[in-house]
Amino acid sequence: MKFLIQRAQPATIAADVLLVGVYENTLQTGANSLFASADAVRMVAHANADRFTGKVGQVSSQFSSTGRVVLFGLGDRNSLSGEQLRDALEAGFKEAKRLKVSNIVVSEIEYPQSGVDRTQFGRLVGEVAGLVDYTMLNYKTEKGGHKPESRFAQVVVASVDGDDAVLKAALAEGRTIAQSVNTARDLVVTPPDIMNPTQLAAEAKKIADASAGRIVCVLHTGDDLKKLNANGLLAVAQGSAQEPVLIELTYYPADADPNVTLALVGKSVTFDSGGYDMKPADGMRWMKSDMAGGAATLAAINAIAALRIPVRVKVLMAATDNMVNEKAYRPSEVLHMMSGLTVEVDNTDAEGRLTLADAIEYAKLNGATHIVDVATLTGAVRVALGTLGAGGFSNDDALFALVDTASKRSGELIHRFPLWAGYAKANESKIADLKNSGGAAFGAGHITAAWFLRKFAGDTPWVHLDIAGVGFKDEEGTGWGVRTLVELARVFAEQPRQS
Ligand code: BES
Ligand code: ZN
Ligand code: ZN
């Protein structure tokens, strides 16, 4: 998809469709300013017949004398927010997709006094167009290919007065983010026979290789993992024919504060059968998506480096699947984790936290000053929040506040749960320092899982995002988290230097 800017009356630019944003109850003036009077009259009548008043989410599809026009509601002009504009544009581009058009003109909106600016508008157009245009890869022989062509060929922004360089850069930024989110979506839907730990590592390597040296990728395998005492990861991997890999990606831009390293740790279980504590069929059906957290962190560092955001970022993905064979780990085994803590295996299906614990420890040993992990960790968080948002957990209010700011900017919802001391009891073991499940009887499985991770984060500022409810929807990967992590890097870059 190409993005162009043209300084012209939108209706005069040739295209398959013209997208026009309309604030609530301003259709008349908007139509008069953009279209010839006869067109404007018909347009208002048509919109009225469609019961289109300019609310966010509303669209009115019509024809003017110059071609097809889609009006999309921008909502209240006085309260225009980034989120509002995102939802509005999404409705507009979805209508364009439904109409199967490929050349689109979007007329630049009028910016209210306080609210969205040009940069935000450009970023959102680039991002939303790219996200809506996503086509899921498939393996249908009759469609002749794994990745269907996307629909949108060209998006032209008809600009008003102002600095087009700003708009151009913003469009490119938005597009970069959409491409990264779409990469995460592809990684998640790829079947587990293909997207095994080795393949996930190859994808990470590919991203690093394409980064013009900005991202360095190191893959820890075999004896390396043994030397590292990555025994949580190794135990989970024992039951699989697939070799585990600890994937480490580093982006250390020259202009970043050297005293800050943001570590992004992504759960990367490429298939979770549950192990000997096996999942029932329904629960196992979509467990190829159990690497959605890893995919999000990988896609995020790709975007962060492409956007040259000046903050040191390290991504860690402990990749393995959780299977069953005669070597598989069993309930009651005691693991000596990388951190030195011992863990009694209470349930082999609580594998994610074992892999994450080693990845978190590795991050701490390798300079992480702040850790954010993203993981499809518990069914409990799905029970609590459904599929609308992620669960957030933290040992540090200041870091959580940054994540919260990032989430408000990205529009990805996070609800913070408490880590009250009493919950830690659930992970107590008679035979080891901890056990890996709080047990069904205790309840609050999302919180006891987070408490387990907290023991490994220790005093390092840490946020855990449980995305089990949001990482996968309608048989597709969502790329949830990529946008929030990119915004988080931006928020970090805006922070005053620590030295
Ligand atoms: N990968 C699952 C969590 C999950 C469930 C992700 C549904 C996406 C959708 C995780 O490894 C798991 O099995 N968690 C168990 C933990 C329990 C055994 C302590 C759970 O939540 O039931
Ligand atoms: Zn599991
Ligand atoms: Zn899992």
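Student: In this predicted model, how does α1 pass α2, in a left-handed or a right-handed crossing?

Tutor: The crossing of α1 past α2 is right-handed. Helix α1 covers residues 27-34 and helix α2 covers residues 37-49. They pack at an angle of about 145°, and their axes are 9 Å apart.

Student: Which residues make the contact?

Tutor: From α1 come Leu27, Gln28, Ala31 and Asn32. From α2 come Ala40, Met43, Val44 and Ala47. Six of the contact residues are nonpolar, two are polar and none is charged.

Student: Why are α13 and α15 called oblique to each other?

Tutor: Look at the angle. Helix α13 (residues 397-410) and helix α15 (residues 482-494) pack at about 125°, with axes 8 Å apart. Roughly perpendicular ends at 115 degrees, and roughly antiparallel needs over 145. The angle fits neither class, so the pair is oblique. The crossing of α13 past α15 is right-handed.

Student: What makes up the contact of α13 with α15?

Tutor: Seven nonpolar, four polar and five charged residues. Among them are Leu402 and Arg409 in α13, and Glu487 and Phe492 in α15.

Student: What makes the approach of Asp349 to ligand 1 a polar contact?

Tutor: The cut-off is 3.5 Å between N or O atoms. A side-chain N or O atom of Asp349 is 2.8 Å from an oxygen atom of ligand 1. That is within the cut-off, so the pair counts. The side chain of Glu351 also qualifies, at 2.9 Å from a ligand 1 oxygen. Gly379 uses a backbone N or O atom, 2.7 Å from an oxygen of ligand 1.

Student: How many residues surround ligand 1?

Tutor: There are 17, and the closest include Asp272, Lys279 and Asp290.

Technical notes:
Residues numbered from 1 in each chain as written. Chains lettered and ligands numbered in written order. Predicted model: local features only at pLDDT ≥ 70, side-chain atom pairs only at ≥ 80, totals over all residues. Heavy atoms only, no water. Axes fitted to C-alpha atoms, helices over the stretch in contact; angles between N-to-C directions. Helix = DSSP H or I, 4+ residues; strand = E, 2+ residues; numbered from the N terminus. Parallel < 35°, antiparallel > 145°, perpendicular 65-115°, else oblique. Left-handed = near helix turned anticlockwise from the far one by under 90°. Contact = heavy atoms within 4.5 Å. Nonpolar A, V, L, I, M, F, W, Y, C, P; charged D, E, K, R; others polar. Near = heavy atom within 4 Å. Polar contact = N/O pair within 3.5 Å; in protein donor to acceptor, adjacent residues only side chain to side chain.
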